[in-house]
Amino acid sequence: MCGIVGVVSNAPVNQLIYDALLLLQHRGQDAAGIVTQQERKFFMHKAKGMVRDVFRTRNMRSLPGNCGLGQVRYPTAGNAYSEEEAQPFYVNAPFGIVLVHNGNLTNAQALKTELFNTDHRHINTESDSEVLLNVLAHELERTTRGLPLEPGDVFAAVRNVHRRVRGSYAVIALIAGHGVLAFRDPFGIRPLCMGRAQATVMLASESVALEGTGNLFERDIDPGEAVFVDLEGKVHAQQCADNPSLNPCIFEFVYLARPDSVMDRISVYQARLNLGETLAKRVISTVPPSEIDVVIPIPESSRPSAAQLAQLLGLPYREGFVKNRYVGRTFIMPGQSVRKKSVRQKLNVIASEFKGRNVLLVDDSIVRGTTSKEIVQMARDAGARKVYLASAAPPVRYPNVYGIDMPTSGELVAHDRTVEQIRAIIGCDALIYQDVDGMKRAIGALNPKLAGFDASCFDGVYVTGDITADDIERINRARIGGDEVEGEGSRLALPNTGDAV
C-alpha cells in the first residue's frame, strides 16, 4: 500500500503535489518522493521519512515545472531501509521515464530474469516497482521504434504490460516531453482516480487527495484502463486489458483508506457504517447487549463501525482511548518488536470510561493480535470488569500478496486457530468477528457493478488466479526488512539535489 499522485497543469505543481502527498500520508510513512519536469528535464527529491520531514523549502525550490509525480511509500517488497528504493524510479530510455507504483507484483522475480536475459535491461534494486518501470520502458521502446510518441503507442505499450505483469498495480508515469500516463491492473485491486481544476488534471490513489487540493473528482480509472494526459492537458483514455474485472481490495474499505474518500463509487465512511450494522447482529448472537455497559472504539478506522453498532444496540458510545497522532501506524512498522513497543506510546486510556464497566471494544480488524492483546490489558488495568472485543472485519487467516504487509502465515493470529483459541491469546472475555459473506454484502451493496472483491486475506481466494503456495513462500523471502541492517551496502542512485536527472 502506497499513495501516488500525478499532475499536469499550466502552473508550477511542486506545492500541489506536496499538498496531495500530505493527504495521502496515511497510505505510507516510510519514504516520500516528488519528481517534476521542466523543458524535458526531470528534477527529483526523495528520502526516507514523512512528507513534512523529507521536503524543506530548499527542496521545493529545486522542483520546477508544470507536471510531476509524487509518492508516499509503505514498503512490502525489497529493502525497507534503502533510501534508494524510495520512489519515483527513473530510467533514461526511451524518452526518459519516471514512475510511481502502488501495489505488488507477484511475478517480479521471473520478470527480472526476463528483463536481463531477453530485454537486456538492468535492475539495480530489489523493488518490484523498478521491474515494472523497465517492463513499461521496454514496451514503449518496442511500440515506437524510434518514431515520435503518439497516444496509441502508449496504449499499445500498456496492453503489453498487462500481458506480462501479474499482481496488483496502480501506476502513474511521466514520459519526458510528452505527458503523464496512468493505468490500473485488470482486476482494479489498488485504487486510482482522476480529477480536474482549471487548467489542471490530477490523478491520485484516493479522491481525498483531489478534493483537498481544490480539484473536482471526475471518475475512477477503470480496471485495465490507461489514461494519458499530454502536456497541454488533453486527456486520452483507452481500455488496454483483454478481460477487465473490478475486484478492489476489500481491506481498503475496512482499514487502509481515509473515511472521507470515495473509491470505485463506494463511500469508505458508509462502508464502515455498514460493517458496524452487520457486526451488531454478530454481537447480539454472542454477548447479550444487557451485559455491555459501553462501546469504545480503538482509534481511528473503527469509529464509524463502533458508532453504528452502539446506536443499533442502544448502548452508550464513548471515547476511551486517546491517540498520540505523532506516532506512526503500528500496522505499518517493520518488525514485530517495534510494533509491540509502540502500542502504549500510541494509545492512552481514559480510565473513567473503563472502571467497573463491562466494555465492548471495537476494532477495524485484528491482524497479528499483538496490539489487540495489549489494548485489552490496558482496559483491564484501567479497571474494566469485563472486556469484550469485536472486529469489524473477519479473521485474517491468509497471507496477502497484493501489497499489504501481512504475507507470513505465522504472523497472523487467526491462521489455523479457532476463535476461542484467538480469544485466549488476546485475553478478552469474548471475541466477536465479522462474517466474510456479511462483510462482502455490506460493502458490495454500495456498488452493484462490482464483480467482487479481493478478500484473499480473509477467504484465501486470490483474484488473479495465479498464486500458489510456492509463490507465497517466494514472496515471503522477498518481503521488506529481512536481515539487512540500515546503511548496509550502497547502490547507484539519482542525486537528491536541484540538478536535473
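1. Which residue in strand 21 is the bridge partner of Tyr-388? The partner is Ala-430. This pairing is a suitable entry point to the structure, which is a predicted model. Strand 20, spanning residues 386–391, is joined to strand 21 by four bridges, and the two strands run parallel.

2. The sheet around this pair should be described next. Strands 16, 19, 20 and 21, in that order, form an open sheet of four strands with parallel pairing. Its edges are strand 16 (294–297) and strand 21 (430–433), each of which pairs on one side only. From one strand to the next, the twist averages 20 degrees.

3. Two helices that pack on this sheet deserve mention. Helix 10 (residues 303–313) touches strand 16 and strand 19 (358–363), and its direction makes about 170 degrees with that of strand 16. Helix 13 (residues 419–426) touches strand 20 and strand 21, and its direction makes about 125 degrees with that of strand 21.

4. Helix 14 comprises residues 436–444. At its start, a side-chain oxygen of Asp-435 reaches to within 3.2 Å of the backbone nitrogen of Asp-437. Which residues of helix 14 are buried? They are Gly-438, Met-439, Ala-442, Ile-443 and Gly-444. The elements that cover these buried residues include helix 8 (250–256), strand 15 (266–267), helix 9 (268–284) and helix 15 (456–459). As a general point on such spacing, an α-helix has 3.6 residues a turn, so residues three or four places apart point the same way.

5. A second open sheet has six strands in the order 5-6-7-8-12-13, with antiparallel pairing. Strand 5 (89–91) and strand 13 (235–239) are the edge strands, each pairing on one side only. On average, and with direction ignored, neighbouring strands of this sheet are turned by 20 degrees against each other. Within the sheet, strand 7 (residues 167–175) and strand 8 (residues 179–184) are paired in the antiparallel sense over six bridges. One position in this pairing places Ile-175 opposite Gly-179 of strand 8.

6. Helix 5 lies across several strands of the six-stranded sheet, namely strand 5, strand 6 (97–105), strand 7 and strand 8. Relative to strand 6, the helix runs at about 125 degrees. Helix 5 covers residues 128–144 and contains Glu-139.

7. Is Glu-139 buried or exposed? Glu-139 is buried, because its relative accessible area is 0%, and the limit for a buried residue is under 20%. The side chain of Glu-139 makes a polar contact with the side chain of Arg-142, at 3.1 Å. When neighbours within four places in sequence are left aside, Glu-139 is in contact with Ala-157, Asn-160, Val-161 and Arg-164. The C-alpha atom of Glu-139 is separated by 9.6 Å from that of Pro-94, a residue 45 places away along the chain.

8. Asn-160, one of the contacts of Glu-139, lies in helix 6 (residues 151–164). With a relative accessible area of 18%, Asn-160 is also buried, since the criterion is under 20%. Beyond its neighbours within four places in sequence, Asn-160 is in contact with Glu-139 and Thr-143.

9. How many of the seven residues of strand 1 are buried? In this strand, residues 3–9, seven of seven are buried. Both faces are covered: one side carries Gly-3, Val-5, Val-7 and Ser-9, and the other carries Ile-4, Gly-6 and Val-8.

10. Strand 1 has antiparallel pairings with two strands named here. Six bridges join strand 1 to strand 4 (residues 67–73), and five join strand 1 to strand 10 (residues 200–204). Val-7 takes part in both pairings: Val-7 stands opposite Gly-68 in strand 4, and its bridge partner in strand 10 is Met-202. In general, strands of a sheet pair through backbone hydrogen bonds, either parallel or antiparallel.

11. A final point concerns cysteine. The structure holds zero disulfides. Cys-67 counts as buried because its relative accessibility is 3%, and Cys-193 counts as buried because its relative accessibility is 1%.

Notes
Residues numbered from 1 in each chain as written. Predicted model: local features only at pLDDT ≥ 70, side-chain atom pairs only at ≥ 80, totals over all residues. Heavy atoms only, no water. Buried < 20%, exposed > 50% of the residue type's maximum accessible area, 1.4 Å probe, protein only. Contact = heavy atoms within 4.5 Å. Polar contact = N/O pair within 3.5 Å; in protein donor to acceptor, adjacent residues only side chain to side chain. Disulfide = S-S within 2.5 Å. Pairing = 2+ DSSP bridges. Axes fitted to C-alpha atoms, helices over the stretch in contact; angles between N-to-C directions.
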